[in-house]
Amino acid sequence: MLEFPANVPFVKHLGFTLHRLEHGESELHYTPLAEHLNSHGVTHGGASMTLLDVALSVAARSDMPEHGIVTIEMKTMFMAPAKGPLVAKARRMHRTRSIAFVEGGIYDESGTLCTTATGTFRYILRSKLLGTDTPIATD
């Protein structure tokens, strides 16, 4: 298991763990607790979206540790119920000096693709953020 590039209390609260972070790719693992489920007994869509937001943003900045990152937009598609231990995988498709385009998916323990997302993220130099109250999404 790896350390996340930034300390995000919400990520710790949900119990996400980082297993891959390199070359524009990431892999996170997540076992939803009972309080993370919806009324149908499967992972709540908000928890799935958070998992993908973190996986995509980590992939976007995997080789740029001097940067923070903010989510500009993210589109999510729910294709199958997300049950049990989950794995999120993401890869950066393209980047410029200030923007990254990323895609990813959540898989259940049988390997079924449950949820996918694409997102656009903006890089922000950490040195510019010191001493400010600027919120940094997913960072």
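**Core, pocket and selected residues of the predicted model**

Isoleucine 124 counts as buried, at 15% relative accessibility. Buried means under 20% relative accessible area, exposed over 50%, and partly exposed in between, with a 1.4 Å probe and protein chains only. The model is predicted: local features need pLDDT of at least 70, side-chain atom pairs count only at pLDDT 80 or more, and totals for chains, interfaces and linings use all residues. Residues are numbered from 1 along each chain as its sequence is written, and side-chain values use heavy atoms, with hydrogens and water left out.

Isoleucine 124 belongs to strand S6. Helices (H or I, at least four residues) and strands (E, at least two) are DSSP runs, numbered from the N terminus. The C-alpha atoms of isoleucine 124 and threonine 76 are 24 Å apart in space, and the two residues are 48 residues apart in sequence.

Two threonines of S6 were examined next. Threonine 115 lies in this strand, as does threonine 116. Threonine 115 is buried, at 1% relative accessibility. Threonine 116 is also buried, with a value of 14%. Contact is taken as heavy atoms within 4.5 Å. With neighbours within four places in sequence left aside, threonine 115 is in contact with Ser48, Leu52, Thr76, Met77, Phe78, Met79, Gly104, Gly105 and Ile106. Under the same exclusion of residues up to four places away, threonine 116 touches Leu52, Lys75, Thr76, Met77, Met79, Gly104 and Gly105.

The largest nonpolar core holds 30 residues. A nonpolar core is a set of buried Ala, Val, Leu, Ile, Met, Phe, Trp, Tyr and Cys residues joined through side-chain atoms within 4.5 Å. Phe16, Leu28, Tyr30, Leu51, Leu56 and Val102 touch the most other members. Two or more residues each come from helix H1 (9-14), strand S2 (25-30), helix H2 (45-60), strand S4 (86-95), strand S5 (99-107) and strand S6 (113-125). Helix H2 gives the most, with nine residues. Leucine 51 contacts Phe16, Leu28, Tyr30, Ala88 and Ile106, leaving aside its neighbours within four places in sequence.

Aromatic pairing was then considered. A pair of aromatic rings is described by the distance of the centres and the angle of the planes. Rings of Phe, Tyr and Trp (its six-membered ring) pair if their centres lie within 6.5 Å; planes under 30 degrees apart count as stacked, over 60 as edge-to-face and the rest as tilted. The structure holds one such pair. Phenylalanine 16 and tyrosine 30 meet edge-to-face, at 4.8 Å centre to centre and 80 degrees between the planes. Phenylalanine 16 lies in the loop between H1 and S1 and tyrosine 30 in strand S2, so the pair ties together parts that are 14 residues apart in sequence. Phenylalanine 16 is buried, with a relative accessible area of 5%. Tyrosine 30 is buried too, at 1%.

Phe16 also lines the largest pocket. On a 1 Å grid over the protein atoms alone, a pocket is an open set of points where a 1.4 Å probe fits, with protein on both sides within 12 Å along at least five of seven lines; lining residues have an atom within 4 Å of a point. About 190 Å³ of space lies in the largest pocket. Grid points are joined across faces, edges and corners, and the volume is the space filled by probe spheres set on the points. The lining consists of Met1, Leu2, Glu3, Phe4, Ala6, Asn7, Val8, Val11, Lys12, Phe16, Thr17 and Leu18. Helix H1 and strand S1 (17-22) each supply at least two of these residues. By class, the lining divides into eight nonpolar, two polar and two charged residues. Here Ala, Val, Leu, Ile, Met, Phe, Trp, Tyr, Cys and Pro count as nonpolar, Asp, Glu, Lys and Arg as charged, and the others, Gly among them, as polar.

Loop residues complete the picture, together with one helical position. Histidine 23 lies in the loop between S1 and S2. Its phi is near 50 degrees, a positive value in a residue other than glycine. Histidine 23 is exposed, with a relative accessible area of 68%. Serine 62 sits in the loop between H2 and strand S3 (67-78). At 15% relative accessibility, this serine is buried. Serine 62 touches Leu21, Glu22, His23, Gly24, Glu25 and Arg92, not counting residues up to four places away in sequence. Its C-alpha atom is separated by 18 Å from that of methionine 74, 12 residues apart along the chain. Serine 127 is in helix H3 (residues 126-129). Serine 127 is exposed, at 56% relative accessibility. Serine 127 and glutamate 66 are 61 residues apart in sequence and 7.9 Å apart in space, C-alpha to C-alpha.
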